[in-house]
Amino acid sequence: MRVIVLAFVLAGCAGHGQGQGQGGESTEESPEATLAADAGVRADAGVDRPVAAPGRPDAGAVSRDAVVRTDVRAMQTDGGVTAERLGLLTVTFLRAHDGIFIRTPSGETYLFDVSNQRDWSFIRRFLTSANVSTLSGFIASHPHSDHYDGANLSSTTGLLREFKVERLFDAGQTTVPGWGGYDRTVVDLAASKGIPRTGSLREGMKVALDPQLTVEVLSPRTTLFTAKEAEAANGYDTDANHANENSLVLRIVHGKVSFLLTGDIHDLAMDTLIENHPEEIAVHVLIIPHHGNGRNYAPFMRATRATVAVAQYNSDHLPEDPAGNARNWAGLYRWQTATTHFFHPFANLNPTDVDLPYPADGNVTVVSNGRAFNVHGETSGRAFTYVVP
């Protein structure tokens with residue numbers, strides 16, 4: 001396998017974890033108790049009142065933020081693995097059309113996709129509130145403008161203009177007709193600012209984002225899928241679907257905990273992943289492909305066996321396409337019923353469109369110590385802790 005070593009990252013990676021999204025111990029209503037007990041830390045450390053259960057407001061309950069802080073303290077000593085030996089990995093699925101913020105155990109920060117013009121102001125506020133002025137890298141999954149527009153909106157606004165970005169990552173796809181100009185909007189601006197580009201990421205490569213993480217590229221394949229192949233697999237190539245099929249798919253492993261970032265892959269790429277990487281796509285935390293767009297997901301659902309599935313989907317994603325929206329709702333519903341824990345960040349999901357049993361979660365943050373992880377929805381207050389066996 002080829003290995004990409006970046007100049008700003010120390011050499012070396014932690015061992016490749018084997019944990020999958022089945023088995024293990026989980027709890028819905030007391031995440032702080034599980035990790036704290038496992039760590040030998042008092043379950044009520046820093047929390048002197050009960051936590052309000054989802055759907056049952058309690059004026060006397062402590063805020064969810066306090067609980068999460070307690071979880072983090074417990075995780076730092078969980079199972080005898082100290083923060084110095086294996087630091088915390090934080091992955092936040094933003095309340096946006098897309099956009100995943102990653103803070104590595106060594107403190108490096110990355111953004112996987114940056115959404116569109118509508119969501120950029122929210123993403124900017126999030127980064128600012130997280131005290132981020134410099135990103136170690138921006139990772140673009142594919143050249144559809146709804147995934148990169150926020151990088152360069154005007155001569156003064158956008159990720160690459162308002163924040164220091166140390167590296168650009170992508171799969172080397174060219175601009176897709178009808179979907180803006182990725183080369184001009186992102187690649188050229190990055191070059192003008194002297195931002196190094198790691199392009200042409202392909203299946204089998206490893207990316208050194210942090211010494212304590214193993215990051216492997218599972219897709220796209222070495223030779224990109226063509227429009228004809230995408231049309232044969234999906235029955236159409238509307239909106240240049242082959243660009244979706246060639247989305248960058250990353251598997252991130254932190255100790256025993258694993259994540260799968262999927263971009264906008266469809267049937268062709270999913271079937272290829274099932275065939276070529278059946279073990280690697282079995283993960284604990286999954287971003288549902290293509291915003292939950294509902295097509296042939298059943299085999300991929302079974303193959304990933306995810307404990308947590310997150311859908312970054314906005315109910316007005318396709319306002320001009322009622323049939324497309326209905327298809328997407330059907331896909332979201334299937335994921336909700338097939339996944340142990342289903343989270344959806346958006347606040348404007350229309351409950352009349354699909355019967356989702358939970359409120360929108362807002363930003364969904366996963367904190368891992370390599371042996372266990374805590375998940376919480378910022379606005380819904382839903383949270384649980386999972387200890388990997």
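Which side chain meets Arg 124 in a salt bridge? Glu 162 does, with 2.8 Å from N to O. Keep in mind that you're looking at a predicted model. This pair ties together distant parts of the chain: Arg 124 sits in helix α3 (residues 117–129) and Glu 162 in helix α5 (residues 159–162), 38 residues apart. Arg 124 has a relative accessible area of 26%, and Glu 162 comes in at 30%. Buried means under 20% and exposed means over 50%, so anything in between is called partly exposed. Arg 124 therefore counts as partly exposed, and Glu 162 does too.

Why would such side chains pair up at all? Side chains of opposite charge can pair when their charged atoms come close. The count for this model comes to five salt bridges. One of them joins Asp 119 and Arg 118, at 3.5 Å from N to O. Here the two partners get separate labels: Asp 119 is buried, at 6% relative accessible area, whereas Arg 118 is partly exposed, at 42%. In another salt bridge, the side chain of Glu 229 meets that of Arg 221 at 2.7 Å, N to O. Glu 229 is partly exposed at 30%, and Arg 221 is partly exposed at 25%.

Hang on to Arg 221, as it turns up again in the lining of the second largest cavity. That cavity holds about 40 Å³ of space. Its lining also includes Glu 203, Phe 225 and His 277. Two elements each give two or more residues to this lining, namely β12 (214–219) and α9 (267–276). The largest share, three residues, comes from α9. Sort the lining by type and you get four nonpolar, four polar and two charged residues.

What about the other cavities? The whole structure has three of 30 Å³ or more. The largest has about 90 Å³ of space inside. It is lined by 15 residues, and those closest to its centre are Asp 98, His 147, Gly 263, Ile 287 and Gln 312. Its lining splits into four nonpolar, eight polar and three charged residues.

Now zoom out to the whole chain. You can find eleven helices and 20 strands in it. The chain has 389 residues, and 57% of them are buried. Among contacts with a separation of 6 or more, 68% are between residues 24 or more positions apart. As for the outside, the chain exposes about 15000 Å², with carbon and sulfur atoms supplying 50% of that area.

Key
Residues are numbered from 1 along each chain as its sequence is written. This is a predicted model: local features need pLDDT of at least 70, side-chain atom pairs count only at pLDDT 80 or more; totals for chains, interfaces and linings use all residues. Side-chain values use heavy atoms; hydrogens and water are left out. On a 1 Å grid over the protein atoms alone, a cavity is a set of points where a 1.4 Å probe fits but cannot get out, and a pocket is an open set with protein on both sides within 12 Å along at least five of seven lines; lining residues have an atom within 4 Å of a point. Grid points are joined across faces, edges and corners, and a volume is the space filled by probe spheres set on the points. Ala, Val, Leu, Ile, Met, Phe, Trp, Tyr, Cys and Pro count as nonpolar, Asp, Glu, Lys and Arg as charged, and the others, Gly among them, as polar. Helices (H or I, at least four residues) and strands (E, at least two) are DSSP runs, numbered from the N terminus. Buried means under 20% relative accessible area, exposed over 50%, partly exposed in between (1.4 Å probe, protein chains only). Contact means heavy atoms within 4.5 Å. Accessible areas come from the Shrake-Rupley method with a 1.4 Å probe; for residues, only the protein chains shown count as cover. A salt bridge is a side-chain nitrogen of Lys or Arg within 4 Å of a carboxyl oxygen of Asp or Glu.
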